[in-house]
Amino acid sequence: MTGTIGLAWRQLRNQLRTTEWRALLLACWIAIAIATPLALLADRLERGLLQESAALLGADLILSGQRPISPERLDDAEAAGLVATQVTQFPSMLALDDEMMLVSVRAAQLPYPLRGQIVTTPPQEGDLPESGQIWAEQRVFTQLGLNLGDSVQLGYADFEVTAVLQSSPDRGSGFRSFSPHVIINAADLEASGILAPGSRAEFRLLLAGDEESIIQLDALWRQDLRSDERLFSLRNDQPMTGAALGNGLRYLKLTALIALLLAALTITLSLRRFSNGQYTRCALLLSLGMPPRQLIRLYLLQLLMAWAIVALFGTATGLLLEQLVVGWLEDLLPQALPAAAPLRYFSGAALGLALLVLLGLPPILQLARVPVSHLFRGDGAPQDRRANLLYLICLILLGVVLLSFLEEYLAAVALLLLLLAGGAIFGVITQQALLLLTRPLAKRLLLGRLLSMRLRQQRRWHRLQSAVLVLLLTLLSVVWISRTDLLESWQAQLPVDTPNYFVVNIQPWQKDELDDFFATHEIGSILYPMVRGRINALNGEPIRPQMNEVQLEHNTLNRELNLSWAAQAPDNNPLTAGIWWSQGATEPEISVEQEMADELGLSLGDTLGFDIGGLPLEARITSLRQVEWGSFQPNFYVIFNQEALEAFPATFITSFHLETDKQHLVNDMLRAFPSLTLIDIDQLLQQAALWLKRLGDSSALILAMSLICGGLLLIVTLLQALEQRRYEVALLQTLGATAKQTRQLDLLEFLLLGLVGGLLASLATELTLGALHLTLLKIPVQLHWQLWVVLPLGAALFFCLSGIVMRRPLLLEQCYRLLRSAT
Amino acid sequence: MTLFSDLNLTIGKGESIAIIGRSGAGKSTLLSLLAGLDTPSQGSISFDGKALETLDDEARAQLRAHHISFIFQSFHLLPELNALDNVRLPLEIRGDKDPDAIAKHWLSQVGLAERLDHFPSQLSGGEQQRVAIARAFATSPGLLFADEPTGNLDEETGHQIIDQLFRLNAQEGATLVLITHDTELAARCQRRLSLHNGQLHEVSA
């Protein structure tokens, strides 16, 4: 055994000088360096946000609704013998002198939270702020320039800032869970005057107690959840922050799949090249009496030794990358992440081992089957069913390993298929484009004619190279550009007077005064009434049984809608069918948004039934409207005639645009109407943009590593291709070409390949971004001219440089010898 | 190390000569020197009155493209090109006007008119060598080198190939230099020369 180890080590040391082993080790290194931080991040997020979700949820069960918790629910909870407490959460502007900031306010009462705990600096005695005090997260301190002891204003009430919130469970669901948080005592809620009937807020009932009672209550409530109610329990749900971070991580993992696949392909090709070169050595060792088993052990040992080296460096690189990504995400995370489980530090290395062994086993087992007659006749190992079956089994196992590492079975398989299909298409297109480009050249130049033959001869190689190149460049460009460009270009195309503020929770008695305020300051703004209701019937029958599966998923059937009334159609809502009701129409009539009508199969004359706070209302569709959802105006799926809806309790909503030099009016308005909820869209967008950018940075980092992997793969295939074509070059020179011509031929080929690949990648990037612009953002397509320069030139430079570096010149006198040696 | 010494040889136009010798005798090195692929450290080799060692790369490439052809033991067809493209290759290199017609003509001369689109992997060894013969004659060379042309073929196919090679050579009036260790094959040439210890000896029939 010692002898085998020694021989394996000597073999490895010797082969470390070959390009295939260097490529193999580097690919494995990158795979480990990418897999390690992902495994660690996944574990830390899971431990921090998912597994400890009891502490994060702040309770065992949470009932959340958009209306105050009903007394029946409170009775149920009491009857079940559970500890219960209520929390109200809503967005509001927090003001320090003239500075304002959009925050998510939680008004809680003791006991709070029921699970986990609130951590503050300095540590506080009570679990909640005293009345008149407020605790805020670090982001609030930073943005407002706040200090402990400062006095801030929230609605009508003033609060003293007494602590920095370091972490707190029960952050609520939806985007609000990402906003900077503040906590106040529920006793101060009324004094702030922010909430009134119909205000937009999330009301939560937190429950804790024995598991049996929780499960029973959960089951009981799930049967008759109100349309605005949701249940969050440990068994079924994750807190939203966790889910969103989970989505982010899923995205990073899918990005990593690309790098891992490229690494696997590089390792496969390198090992194939390596094992082909080992036939003579193996035949010799076997002829000297080495048993095949020992030969297998010898090569496996060599692989293991190689793995041990890269595992060390790969894990170290991975740890550094993890620090980098966590550093980027740190200030966005609601709380510090716990350390990962010790075993997780080895996940990347373990994946590297699986890659090497599963991809290495088939060629190594083949080596043991090389006949000794190879020494005399050059026979290769038998390529029979057994060999193919083994390859297949190992590839399937590798697929299983990769999928279970990524834990994203469907998405990963879908991505894999997409990559394969995309690669195949790009490969064929590149090849055709190259042929097309060469045709005019072939008519004029000798080199062109040789090139067209070369293209035919190297078509398989070109397909693989260009597929990898185009896919990688496209993905990287799309991620790189979209991480900032999408949001920016969407913002840039908004008209200058696009509203940048929303005001909600306007009570009916404030409407006239607020209208006056807007008129006095020449702010163009229309107040729309808003009543919350749910669609439950179509033409007198329950609506759900009349819908197909796709329609049942429609947004409007699964939540409470904001309904409005109006005497005239809003300016930016052109009618597409029917007529607007006449003044004073008393029969309930509605105008429905065109797309919703199309998707649900609604037509003029149909009646829709609504449940508005428990009261039924039926109305006939008399018109259809087109709605520009991205206009930042209050938009509604359904608008009633005034007489039909005005009896229902409503709040008002509006949006308006303020020039930068008039921003002080916002402060004036909030001082005059402290209970209004003002949403600063710029701030909201900035928060979203930061998330997009950080996530984009992280995935661009992984994609950049994929690009290195892809570069390696290209180099390995280039090397293989160059070796093959040494014979070709020798033959061409023997047949009458000069060395200069063959060199020019190679360079021209690489140049064209790079240019065409780069152009195709630019086109694919523009198409992808264009599709995102059109479908996601619904804005005109923008071209990125830099792409069309950088990608083709970069790719051409890469191919030419690697070609020049790796191409060994062939002297005329070597040509004939080379051809003879291939006999 | 001296490979050849006192080696004098004149080959007349249209002659066929065989160079025989054991393996390692230097037959292939002699061939590369004769074809201008290599330059002798001493002495001189002339083709048509021009000393090859005085020509630059460009001129020697021109010489090969227009006047010299090769047939190899292992055929050396490019695997990704079909039969027609393989034969077109030398014509393309020297920039012939109608390489297609010439290539087709020569493939039909060797009996492969029906297999123009076939790739080397779809052809038998004998057929591959016939494509190589068509490629060699396609440029109408004055001088043809054949290096163990039957070495990779079974006996019967080898005979057929040699018959074809000699027939076409006679028809084209090219000078043939055949390298072989097969004395029976050598006997078909007008002159036979044995290479031994770096010297050539005329062998009588």
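This note goes through the predicted model point by point, from the overall build of chain A to single residues in both chains.

1. Overall build of chain A. A good place to begin is the general outline of chain A, which contains 25 helices and 21 strands. Along its principal axes, the C-alpha trace of this chain spans about 100 × 65 × 55 Å. Of the 823 residues in chain A, 55% are buried.

2. Domains of chain A. The domain assignment divides chain A into domain 1 (1-56 + 247-407), domain 2 (61-233), domain 3 (409-496 + 675-823) and domain 4 (525-656). When reading these ranges, note that domain 1 and domain 3 are each written as two stretches of sequence. The centres of domain 3 and domain 4 of chain A, taken over C-alpha atoms, are separated by 50 Å.

3. A nonpolar patch on chain A. Which residues form the nonpolar patch on the surface? They are A:Trp9, A:Leu26, A:Trp29, A:Ile309, A:Leu312 and A:Phe313, and together they have about 560 Å² of accessible area. Two helices of chain A, α2 (19-51) and α10 (292-329), each supply at least two residues of this patch, and α10(A) gives the most, with 3 residues. A:Trp9, for its part, is found in helix α1 (residues 2-15) of chain A. This tryptophan counts as partly exposed because its relative accessibility is 37%, which lies between the limits of 20% and 50%.

4. A positive patch on chain A. Charged side chains also gather on the surface of this chain, where A:Arg10, A:Arg13, A:Arg17, A:Arg22 and A:Arg281 form a positive patch. One of these residues, A:Arg13, lies in helix α1 of chain A, the helix in which A:Trp9 of the nonpolar patch is also found.

5. Two cis peptide bonds in chain A. Most peptide bonds are trans. Against that background, a careful reader may wish to look at the bond from A:Leu110 to A:Pro111, which is cis, with omega near -5°. A:Pro111 has its place in the loop between β3 (99-108) and β4 (119-121) of chain A. The peptide bond from A:Thr121 to A:Pro122 is likewise cis, with omega near -10°, and A:Pro122 lies in the loop between β4 and β5 (133-137) of chain A.

6. A negative patch on chain B. Turning to chain B, we find a patch of negative charge on the surface, where B:Asp154, B:Glu155, B:Glu156, B:Asp182 and B:Glu184 gather. Within this group, B:Glu184 is found in helix α7 (residues 183-186) of chain B. Is B:Glu184 buried or exposed? Its relative accessible area is 53%, and since the cut-off for an exposed residue is over 50%, B:Glu184 counts as exposed.

7. Positive phi values in chain B. Most residues other than glycine have a negative phi. Where, then, is B:Ser140, whose phi is near 50°, found in chain B? Its place is in the loop between α5 (125-138) and β5 (143-147) of that chain, and with a relative accessibility of 46%, B:Ser140 counts as partly exposed. B:Asn197 also has a positive phi, near 50°, and this asparagine sits in the loop between β7 (191-196) and β8 (199-203) of chain B. With a relative accessible area of 67%, B:Asn197 is exposed.

Key:
Residues are numbered from 1 along each chain as its sequence is written. Chains are lettered from A and ligands numbered from 1 in the order in which they are written. This is a predicted model: local features need pLDDT of at least 70, side-chain atom pairs count only at pLDDT 80 or more; totals for chains, interfaces and linings use all residues. Side-chain values use heavy atoms; hydrogens and water are left out. Patches are made of residues with over 30% relative accessible area and no salt bridge: like charges are joined within 9 Å, nonpolar side chains (Val, Leu, Ile, Met, Phe, Trp, Tyr) within 5 Å. Accessible areas come from the Shrake-Rupley method with a 1.4 Å probe; for residues, only the protein chains shown count as cover. A salt bridge is a side-chain nitrogen of Lys or Arg within 4 Å of a carboxyl oxygen of Asp or Glu. Lys and Arg count as positive and Asp and Glu as negative; His and the chain ends are not counted. The place of a charge is taken as NZ of Lys, CZ of Arg, CG of Asp or CD of Glu. Helices (H or I, at least four residues) and strands (E, at least two) are DSSP runs, numbered from the N terminus. Buried means under 20% relative accessible area, exposed over 50%, partly exposed in between (1.4 Å probe, protein chains only). Domain bounds come from an automatic or database domain assignment.
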